[in-house]
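User: Hi! I'd like a close look at one part of this protein, told as one connected story. Here is the model.

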Amino acid sequence: MKINLAGVPVHDQEKALKFYTEVLGFEKKEDVPMGEHRWLTLTSPEGAHGVEFLLEPMGFPPAAEYYKALYEAGIPATSFESSNLDQEVEKLKSLGVVFKTEPMEMGQVKMAVFDDTCGNYICLTERIK
């Protein structure tokens, strides 16, 4: 068994697509119209082959309330990994990304949390060797 799809709900798929591709460097994989929304997936040039990240429309009211509560509590919706967290944070800051937390060590990882501009906080981690 393997993970092939994960993602987060977003308020605006087009805005999310721009942020996740132009700022974070992901690549668009699938973009299929589905009524007023799209099946919109991304891949990471550094990630495992076959794993896609879904930018899901925030259309289901209970899910919208759940993700709103996570955001208001400052809890990340998902996590990405970097091989050099400090360098990645500085690069993202230079591109205008707003960080909720600065890099900090938490056990065997270093982590920082940023706002994806689409209704989610994302945790960025680096494994400490």
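Which element gives the most to the lining of the largest pocket? Please start there, and then follow the contacts into the nonpolar core and on to the loop between E7 and E8.

Analyst: Happy to walk you through it, and please keep in mind that this is a predicted model. The element you are asking about is E5, which gives four residues to the lining of the largest pocket, the most of any. E5 spans 78–81, and strand E3 (37–43), strand E4 (52–57) and helix H3 (85–94) also supply at least two lining residues each. The pocket has a volume of about 660 Å³. Its lining counts 25 residues, and those nearest the centre are Phe26, Ser44, Gly47, Phe80 and Glu81. Sorted by class, the lining holds 13 nonpolar, seven polar and five charged residues.

Phe80 is a good bridge to the next part. Besides lying among the residues nearest the pocket centre, Phe80 is one of the residues with the most contacts inside the largest nonpolar core, together with Tyr20, Leu24, Leu55 and Phe114. That core has 24 residues. Strand E1 (5–10), helix H1 (13–23), E3, E4, H3, strand E7 (109–115) and strand E8 (121–127) each bring at least two residues to this core, and H1 gives the most, with five. In general, nonpolar side chains in soluble globular proteins tend to be buried together.

Now to H1 itself. At its start, a side-chain oxygen of Asp12 comes within 3.0 Å of the backbone nitrogen of Glu14. Along the helix, the buried residues are Gln13, Ala16, Leu17, Phe19, Tyr20 and Val23. After H1 comes Gly25, with a positive phi near 90°.

Tyr20, in helix H1, ties much of this together. Tyr20 counts as buried because its relative accessible area is 0%, and the cut-off for buried is under 20%. Leaving out residues up to four places away in sequence, Tyr20 touches Val8, Gly25, Phe26, Leu42, Phe53, Leu55, Phe80, Asp116 and Ile122. Among those partners, Leu55 is 35 residues from Tyr20 in sequence, yet their C-alpha atoms are 9.2 Å apart in space.

Another of those partners, Asp116, takes us to the loop between E7 and E8. Asp116 is a charged residue by class, and it is buried, with a relative accessible area of 0%. What does its side chain pair with? The side chain of Asp116 makes a polar contact of 2.7 Å with the side chain of Tyr20. A polar atom of the Asp116 side chain also lies 3.3 Å from the backbone nitrogen of Gly119. With neighbours within four places in sequence set aside, Asp116 is in contact with Val8, Val10, Phe19, Tyr20 and Ile122. Lys18 sits 98 residues away from Asp116 in sequence, with a C-alpha to C-alpha distance of 11 Å.

Thr117 belongs to this loop as well. Thr117 is partly exposed, at 37% relative accessibility. Thr117 is not a glycine, but its phi is positive, at about 70°. For background, most residues other than glycine have a negative phi.

Finally, back to Phe114, one of the core residues with the most contacts. Beyond its neighbours within four places in sequence, Phe114 is in contact with Phe19, Leu24, Val97, Val98, Phe99, Lys100, Asn120, Tyr121, Ile122 and Leu124.

How values were computed:
Residues are numbered from 1 along each chain as its sequence is written. This is a predicted model: local features need pLDDT of at least 70, side-chain atom pairs count only at pLDDT 80 or more; totals for chains, interfaces and linings use all residues. Side-chain values use heavy atoms; hydrogens and water are left out. On a 1 Å grid over the protein atoms alone, a cavity is a set of points where a 1.4 Å probe fits but cannot get out, and a pocket is an open set with protein on both sides within 12 Å along at least five of seven lines; lining residues have an atom within 4 Å of a point. Grid points are joined across faces, edges and corners, and a volume is the space filled by probe spheres set on the points. A nonpolar core is a set of buried Ala, Val, Leu, Ile, Met, Phe, Trp, Tyr and Cys residues joined through side-chain atoms within 4.5 Å. Buried means under 20% relative accessible area, exposed over 50%, partly exposed in between (1.4 Å probe, protein chains only). Contact means heavy atoms within 4.5 Å. A polar contact is a pair of N or O atoms within 3.5 Å; within protein, one must be able to donate a hydrogen and the other to accept it, and residues adjacent in sequence count only if both atoms are side-chain atoms.
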